[in-house]
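Subject: Structure handover

Hello,

Here is the structure I promised you. Please open it before you read on.

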Amino acid sequence: MLHRVIYASEAVGATGVSTLSIAQILGESDRNNRRDRVSGCLMFHQGHILQALEGERADLDRLMRRIIADPRHTGVRILSDMPIAERRLHEPMCLCGDPATLLERIGLPCISRLTANEAEALLDIRKAA
Ligand SMILES: Cc1cc2nc3c(=O)[nH]c(=O)nc-3n(C[C@H](O)[C@H](O)[C@H](O)COP(=O)(O)O)c2cc1C
């Protein structure tokens, strides 16, 4: 059964700021998520990270264990974790290119205190964008 996990975390050091740090995460994610049939989307904004991941339960659980242990970020908080009928994300990993505009469209200055509903709303409008 497919599930979707959405979590937020705080970047450590240059994570999400330097192009190299972003490229490294996207490269690993693309390779592993393709292998594990996981799809996902990642947003960096002002030191905060938001990621949505979709896939089979066992694949997501293995991935979340790796992600939680990753020292490039800290304070991983699961905002939402639920079964889904179908995927909303169709690429192994995509980077949200213009987080500020997306956040503005749901009336939020920042992703630091995002609720599960707001995170789902972000997924909706990024699809429409
Ligand atoms: C914000 C963030 C998001 C990540 N997203 C993924 C992901 O979607 N898929 C993935 O395989 N690794 C992701 N990683 C990397 C993992 O934490 C871990 O380093 C990697 O999966 C290990 O891969 P390896 O076993 O091939 O070395 C992410 C790391 C960070 C910091």
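Below is what was found in it, starting with confidence and ending with one loop residue.

Confidence
This is a predicted model. The protein chain has an average pLDDT of 94. A score of at least 70 is reached by 98% of the residues. Among the elements, helix α2 has the highest mean pLDDT, 98. Helix α4, residues 116-128, has the lowest, 84. Keep one rule in mind: where pLDDT is low, predicted coordinates should not be read in detail.

The sheet
Start with the strands. There are five, and they form an open sheet. Their order is β4-β1-β3-β2-β5, with mixed pairing. Why is one side of β4 and of β5 left without a neighbour in the sheet? Both strands stand at the edges, and each has a single partner strand, so one side stays free of a neighbour. Find β4 at residues 73-83 and β5 at 94-95.

Now look at β2 (residues 39-45) and β3 (residues 48-56). These two strands run antiparallel, and seven bridges join them. In general, strands of a sheet pair through backbone hydrogen bonds, either parallel or antiparallel. Leu-42 faces Gln-51 of β3 across this pairing.

The helices on the sheet
Helix α1 covers residues 19-36 and lies across β2, β3 and β5. Its direction is at about 170° to β2. Helix α2, residues 57-68, also packs on the sheet. Helix α2 touches β1 (2-11), β3 and β4. Its angle with β3 is about 155°.

The ligand
Which residues are closest to the ligand? They are Ser-29, Asn-32, Asn-33, Arg-66 and Asp-70, out of 17 that surround it. Gln-51, the residue opposite Leu-42, has a polar side-chain atom 3.1 Å from a ligand nitrogen. Glu-28 places a polar side-chain atom 3.1 Å from a ligand oxygen. For Asp-70, a side-chain N or O atom is 2.6 Å from an oxygen of the ligand. On its own, the ligand has 610 Å² of accessible area, and the protein covers 82% of that.

A loop residue
Finally, go to Arg-88. It sits in the loop between β4 and β5. Its side chain makes a polar contact of 3.3 Å with the side chain of Glu-120. Another polar contact, also 3.3 Å, joins the side chains of Arg-88 and Asp-124. The C-alpha atoms of Arg-88 and Ser-21 are 26 Å apart, with these positions 67 residues apart along the chain.

Best wishes

Definitions and conventions: Residues are numbered from 1 along each chain as its sequence is written. This is a predicted model: local features need pLDDT of at least 70, side-chain atom pairs count only at pLDDT 80 or more; totals for chains, interfaces and linings use all residues. Side-chain values use heavy atoms; hydrogens and water are left out. Two strands pair if DSSP finds at least two bridges between them. Helices (H or I, at least four residues) and strands (E, at least two) are DSSP runs, numbered from the N terminus. Contact means heavy atoms within 4.5 Å. Axes are lines fitted to C-alpha atoms, for helices over the stretch in contact, and angles run from 0 to 180 degrees between N-to-C directions. A residue is near a molecule or strand if one of its heavy atoms lies within 4 Å of it. A polar contact is a pair of N or O atoms within 3.5 Å; within protein, one must be able to donate a hydrogen and the other to accept it, and residues adjacent in sequence count only if both atoms are side-chain atoms. Accessible areas come from the Shrake-Rupley method with a 1.4 Å probe; for residues, only the protein chains shown count as cover. pLDDT is the predictor's confidence in each residue, from 0 to 100.
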